Each structure stands twice: as C-alpha cells, then as structure tokens.
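Please open the model in your viewer and keep the selection panel at hand. The stops below go from a pair of helices to the core and then to some loops.

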Amino acid sequence: MESGVQKCSLARGDGEVHIGARMQQNHGDYKLIFEKEGVYLHTNAKRSNQDTSIPGFIRIVERAGVPALEWCPLEDAGSSAPAVLYSKKDGEGGVEDTKFDPGYEPDWAVISTVKKDREHVPAKQSGQWSFSLPLSELYSLRRARFSLGRNFLVLTSRGGHPLPPLHFHRGGTSDLLRALHMYITLDPSPVDGRLFLAYPLDPRDSAQAFDKMSLLDDSSADFVTRLIHDPYATTFGGFSKVTNFFRAALRPPDSPNHHSHQHTRPPRDPSLPPQSEEEPGFELITCGVELGPRPDVSRGPPLDKWQEFLDPEGRVTNPEKIKELVFRGGIEPSFRKEAWKFLLGFYPWNSTSEEREDILRVKTDEYFRMKVQWKSVSEEQEMRNTLLRGYRNLIERDVNRTDRHNTFFSGDGNPGLTLLHDVLMTYCMYNFDLGYVQGMSDLLAPLLFVTQNEVESFWCLKGFMELVHHNFEESQEAMKSQLLDLSVLLKALDPELCDFLESQDSGSLCFCFRWLLIWFKREFSFEDILILWEVLWTRLPCDNFHLLIACSILQSQRGELIGSDHDFNTILKHINELTMKLDLQSILCGAEAIYLQLVQCKELPLKVQQVLGLYVPASSSDASPDSQADETEPLLNGSQAGASACSAPPGPAPSCP
C-alpha cells in the first residue's frame, strides 16, 4: 500500500473491500479524504448551458479534524489531483489499482466511528463560486432535475441557504455518498424521495443508511434503476436494497422498530422545513375490516357494435355506455383500433367524422415535424448530445428484444421493428425530459400491433403515457405510493396473507413492482394484454383498478403461499413463475368482486376509501363523493348478487363461469 494513503474498511457479504484516498498535508493538519473531478457547478441550472456551467472538483477534507465538503473550479484545483483507489472485487493479493473502476455498486456497509458534535461553523465562501461547508452544517441533500433532464445535487446548509446545483458529468455520486457516510447519516424524507436529511452519524444506522442512499445514484448499476430499466430480469434476484427501502417507507413513525435519531439530532430551528418525523402519516389498518360476502361477478360479451353508437355526423352518442361495455367484456378485434383511439384521447368523444379527419391531418404533420428533428441530427452532433445518444442506444437494444415471438415483430429486418424504433425516438423529442426508459417499448408494441400505423400508434402512446408516465419518473415516488396503496388494500382484504408476507420479509410487496410498472404486460399473453389494457383505460370502476387486479392475483395464490415453507426468495420465485399462467377472465372477475365487496362495507377505513376514489377531501376541486358514486352506479347496478351487509370475513376470489 502506497504511503500517504489512508484506508477505511467497508464490509461486504463476500469479504472485505477497501477504499483509499490519497492525502496531502497542507499548512499543518489537513487531510484530503475524497476527491472527484468532472463536477460542474451551475450558476443557473434552469438554463444549463456552457455559459452557466463551471467545471471543477468536489472534495471532502478534514481541516484541524473538522470534516467539510468543498467545491473549487478546475483552474484552482492544482496539478496533483488525488485519486480514489478501489480494490478489485475478486482481489489480487490486496494490490490496489488506481485505474480500476468496478462498474457496479455493491451493498456497502461503512464501518466508522461516531464523530463528536462540533461547534457551529458557518459555510465559507472562497472566490466567487467556490465553497467549503462543514459537514456538521449540512442540513439536506436533494436531487433535482432541470433542463434537458439532467440531474443535479442541491445542498442546503442549516441556515436554510441552498448552494449552487452540482452536476456529476462523469457519474460518481455513490462514491461521494460512501465517503459522506464516514461522517453523517442521510435519511430519506417519507414524503419526497429526492430529499435526504443529514444527521450526525450513528454507527447503528450506517449500513441501512447507505442501502437507502444507494437508490440515489445516477449510475444504471444500482438496483432500483436496474429494476426500472429491465424489470423482467431484475425481479429474479437482488431485492435486498429495495426491500429495506420499502419496508422503511411502509413502517409507521410510531412503530417499535422505527428507529429515531432524536438522541443525535440537534434541536430543530423553527425556521427550517419540518423534519421527517413531523410529517403526517397515513391511517394504519391494523386488523381485518369486517366485510360482507364477496358477490359473484361474471364477464360480458365484447363490444361488437360501433356504428350504433354514432349519430349521423359521426359523434359518439353514449361514451359512458361504451366504456361500461368495454369494462365488462373488452372489444371485438375488428372495432379495437377505432375504439382505442377514443379511449386513449387521440379523438375526442364528441368529435364528428369530419373533425377527426382534420385531427388526423394535424397530428400527422406534428408527428413528422418531431421525427425530422432527431432524423436530421448528424453523428457529430449526436456525439455532443449525451442524452439523445443514450436514448438511442437504449431504444435500439430494447427494440431487438420486444415481443419478438409476435409475427409483427419477429425476424431480422422486420419493418415492425423499424416502426417501433422510430416511434420511440420521436417520443423522446416530444417529451425530452422523460425521454426513453426501458419498459416503454413494452407499452408501445401492442399499440403498434393494433393500429398498424406509425402516427396513430405514437399519439395512442402519448395518451397511454399520460396515465402511467409517473411510473417511469426517476424519483419513483409514484411507484412507492402505489405499493403503499396496494398494501392498504390487501391488509383490509386479507390480513392473514399480509401477516404471512410480513413474516417472510415480503410485506413491502416489492415483488409486485413489475406488475404496476408496465401494467402486467409480461404476466399475461399478448392477446390477453390487449383486453386487460382496454379494460383499464375505461378508468372504471375507479382509477386504481389495476391495484385491485394485483389483489386478485395475490389472493388467487394465497393457498400456495400461506402454510408453505416459502421464504422471501421462494415467494419472489413463485410470483415470477406466474407469468403466462394466469387466467385473465378469472382475475378480472375477482378484481371487480373485490371492489364491490369493499364499497358495500359501511365502515370502510378512510385510507381504503381514498385508494378506491370513494372519498375526496373537501379541499379538493377534482371530484366529490357524489360524483364518484354516480360514476360507479352502473357497475353496482349491473352486478349479480351484491351484498349490503358486512358481517362475514373475506372469502376466496370467485371463479368465472
């Protein structure tokens, strides 16, 4: 080991790994703990161009024993820039390689000691933009997204002053966070997945804290990003991080296992934002709700008439009746293309035939204007556009593995693959902030198959993404919220199943992540997914009907789970092996029966009512309980054998005739 290199020990499950950082001695007691180049400070993050970007170095240093986070511009960095050293994963006699980059984010657990509280030291400004912030004065760290979808790290001092945004052009946020965890603990806010609050280090929290923070990394190697980017492969293993993360999110603040940092946190300044434990929680359902018998539900025939619903000018006369018929039985294939364009907002329900021709002309022109934008980018231009190049690489890779079993996309040089690629690239120009995230090709393929048209499939994708775009946002707040809502529903329906899953470290329901992310696309056959999606697009009987479908699947498997010797890994394996083995009609019957059983309960918990859209706070102007009741009334009236009492425990999901 080279002299002048201090090492801190980091534990892994498969042995010990070390990180070292070269240190230099300046003016007595000065130690350089960490340094990373290619970190740009943005004087105006919303503009985010060369005029507002200053390249520089981020450092963690100790000055007279006081750790601080510093940034300085490149011209002030000097020529001897210390490097972060890594040990190879497999190890080669403990020899360190200064040029080795592991390319993955292991489950680090930093072993360190508690740093004593130090006297308040204000942030020091050196030069116009350089700064040095003592870590004891760091209040929060926030990941923000401004122009062109770039991610910025925004630090806020305990005085409430945000520092200029920092962008890691070459990655490396995980390296910085590992080094920070030698001195402080960063806890995620329960109401904002991008916000992390800084506290003095407690050694008991260091391992779990880094697991949480590893979800923040901008590298595609961390688990949650891999889960989003390749949900099919990733859900077969490696759930430890996301399990801990969602378990912490689901645990109520007053839970005996909810660890408090109050013994290490300084008194809160009333002028600062509220801390996490002061945020309002949600209504905890601690026992099963007394539900009535689950009604029998049957599916109806598909919508097999279209012209009957049009007036002489081509307007749809009864959209709600069409939605009800689609919800009850889907759409006959010969009318599917036309109906989908209404369900996904390409055509307004009250448009005439002539107006729809005009809409198609306008939308066609708009689509090809956007397509020309990316088509006209030269290779030289694209080399300077990291985001566009990244989107193209992801799309080209995913197109070659999307629904290749379907004849529309099978074989080499298939024109369907070209259309899939072009529509996804054009969507990047339409919504550059979101761009392309793996999983979106799964959403487009059925649309393209049904419409057989590039322009129409694009605008249908746009309408679909308006429903699910939040699933693909980097913060994953929507996904966490949906898993919480799913847990609330399942606890009300089947507390015994919930208790079993909780006992096997599966109470977070994170194995349902893929289901919700791409709306069960990989759980059912291609033909079944066409029916399922058009049912969900009706938004009947409530916006969260997809969560009831998840409940129906889980309850259909309760006999395989409860009483078995399944642990977390085998539960995960069992859920993944359900792919293509589920009967869609039975699952849809079960989901609707669950809905009817819940809404007929007279003492339904408030949180369950909110998930089902049966209760809207008085301050909301979006809807009212009366309007929601009007929307669901046709379904309630059209069901067979509804139950009004709530005296019997929930039974198994019904089977369809």
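In this tour, contact means heavy atoms within 4.5 Å. The model is predicted, and every value quoted along the way is computed from it.

Begin by selecting helix α14, residues 477-493, together with helix α18, residues 545-556, which pack with their axes 10 Å apart and at an angle of about 50°. The two helices α14 and α18 are therefore oblique to each other, and their crossing is right-handed. To see the contact itself, show the side chains of Gln482, Asp485, Leu486, Leu489, Leu490 and Leu493 on α14, which meet His546, Leu547, Leu548, Ala550, Cys551, Leu554 and Gln555 on α18. Sorted by class, this contact of α14 with α18 comprises nine nonpolar, three polar and one charged residues.

Next, turn to the nonpolar interior. Which residues have the most contacts inside the largest nonpolar core? Select Phe472, Leu532, Leu548, Ile549 and Leu598, which hold that position in a core of 118 residues. Centre the view on Leu598, which, leaving aside its neighbours within four places in sequence, is in contact with Leu291, Leu489, Leu493, Leu548, Leu604, Val608 and Leu612. Apart from this largest core lies another, of 28 residues, and Leu141, Phe168, Met182 and Ala198 are among its members.

From there, move to Leu201, in the loop between β14 (192-200) and α2 (206-213). Is Leu201 buried or exposed? Its relative accessibility is 3%, and because buried means under 20%, Leu201 counts as buried. If you add Leu186 to the selection, you will find a separation of 8.7 Å between the C-alpha atoms of Leu201 and Leu186, which are 15 residues apart along the chain.

The following stop is Asn406, placed in the loop between α10 (386-399) and α11 (415-430). With a relative accessible area of 8%, Asn406 is buried, and, not counting residues up to four places away in sequence, Asn406 touches Phe449 and Phe526.

Finish at Leu74, in the loop between β5 (66-73) and β6 (84-86). Leu74 counts as partly exposed, at 42% relative accessibility. Show Pro55, Gly56 and Phe57 as well, since Leu74 touches these three when residues up to four places away in sequence are not counted. A last selection, Gly38, lies 36 residues from Leu74 in sequence, while the C-alpha to C-alpha distance between Leu74 and Gly38 is 8.7 Å.

Notes: Residues numbered from 1 in each chain as written. Predicted model: local features only at pLDDT ≥ 70, side-chain atom pairs only at ≥ 80, totals over all residues. Heavy atoms only, no water. Axes fitted to C-alpha atoms, helices over the stretch in contact; angles between N-to-C directions. Helix = DSSP H or I, 4+ residues; strand = E, 2+ residues; numbered from the N terminus. Parallel < 35°, antiparallel > 145°, perpendicular 65-115°, else oblique. Left-handed = near helix turned anticlockwise from the far one by under 90°. Nonpolar A, V, L, I, M, F, W, Y, C, P; charged D, E, K, R; others polar. Buried < 20%, exposed > 50% of the residue type's maximum accessible area, 1.4 Å probe, protein only. Core = buried A, V, L, I, M, F, W, Y, C linked by side-chain atoms within 4.5 Å.
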